[in-house]
Amino acid sequence: MALKENFHRLHDKAWVALAVAPVKVRTRERTSGEWVERELRVVDKPPEEDFPGAQQWVWVRQTRTRDGELPKVETRLFLTSIPTGQLSPERMLTLVRRHWGIENGPNWTADVVLEEDSASPSLRGNAPLVLSWLRLLAYNLLALVRTHLPTRDKRPQSFARTMEVLYQGLLGLAVLPESLATLA
């Protein structure tokens with residue numbers, strides 16, 4: 001998971017720890033007319049940091065150099081649930097680069113165009129009220145669907161299972177219980 005600056009305290013603490021950590025692997029390649037150098041640093045997440053599942057903090061610094069231009073440096077931090085020693089530094093860097101590809105694809109729109117990281121549109125104007133109504137409607141829809149699902153050991157299905165059934169039903173991948181049709 002990318003550890004961005006909107007995680008203020010955690011980001012700053014990880015930055016300090018990783019800035020002094022030794023470089024585990026460094027790669028250099030020529031692509032699209034420029035030299036790209038990447039370095040990876042990894043440290044174990046301190047035990048006092050309560051972030052469920054996180055095992056390590058990861059730093060990747062990428063420096064792009066094109067002839068006659070100043071280098072462009074970009075540093076990204078990540079949290080990972082991968083235990084220490086499970087991946088070689090080279091494999092870890094490959095994994096981060098693949099994640100980076102996802103970040104630069106569909107997530108770019110949310111981050112840059114919609115300003116998701118800096119100024120969430122869900123906090124502007126009437127958005128909080130609209131979102132609270134949508135959340136309430138979603139909860140009530142789940143509760144309604146849950147009452148029409150078969151019970152297990154005389155207990156209603158879990159909300160997680162209900163969400164799965166409803167999601168599959170909305171996608172047309174599953175048939176919702178017939179008893180719901182009478183509500184339409």
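**Exercise 1.** In this predicted model, decide whether Q56 counts as buried or exposed.

*Solution.* Start with the cut-off: buried means under 20% relative accessible area. Next, take the value for Q56, which is 5% relative accessibility. Because 5% falls under that cut-off, Q56 counts as buried.

**Exercise 2.** Describe the surroundings of Q56. Which backbone oxygen does its side chain reach?

*Solution.* First, place the residue: Q56 lies in strand 3, which spans residues 56-65. Then list its contacts, leaving out residues up to four places away in sequence: Q56 touches V42, V43, D44, K45, F78, L79, T80, I82, P83, T84 and M92. Finally, look at the polar side: the side chain of Q56 reaches the backbone oxygen of I82 at 2.6 Å.

**Exercise 3.** Now step back to the sheet. What is its strand order, and which strands stand at the edges?

*Solution.* The sheet is open, with 4 strands in the order 1-2-3-4 and antiparallel pairing. Strand 1 (25-31) and strand 4 (72-80) each have a single partner strand, so they stand at the edges, with one side of each left without a neighbour in the sheet. As for twist, neighbouring strands are turned by 20° against each other on average, direction ignored.

**Exercise 4.** How many bridges join strand 1 and strand 2, and where in strand 2 is the bridge partner of V25?

*Solution.* Strand 2 covers residues 34-44, and its antiparallel pairing with strand 1 runs over 7 bridges. For V25, the bridge partner in strand 2 is L40.

**Exercise 5.** Which strands does helix 1 lie across?

*Solution.* Helix 1, residues 8-19, lies across strands 2, 3 and 4. Against strand 3, helix 1 runs at about 70°.

Terms used:
Residues are numbered from 1 along each chain as its sequence is written. This is a predicted model: local features need pLDDT of at least 70, side-chain atom pairs count only at pLDDT 80 or more; totals for chains, interfaces and linings use all residues. Side-chain values use heavy atoms; hydrogens and water are left out. Two strands pair if DSSP finds at least two bridges between them. Helices (H or I, at least four residues) and strands (E, at least two) are DSSP runs, numbered from the N terminus. Axes are lines fitted to C-alpha atoms, for helices over the stretch in contact, and angles run from 0 to 180 degrees between N-to-C directions. Contact means heavy atoms within 4.5 Å. Buried means under 20% relative accessible area, exposed over 50%, partly exposed in between (1.4 Å probe, protein chains only). A polar contact is a pair of N or O atoms within 3.5 Å; within protein, one must be able to donate a hydrogen and the other to accept it, and residues adjacent in sequence count only if both atoms are side-chain atoms.
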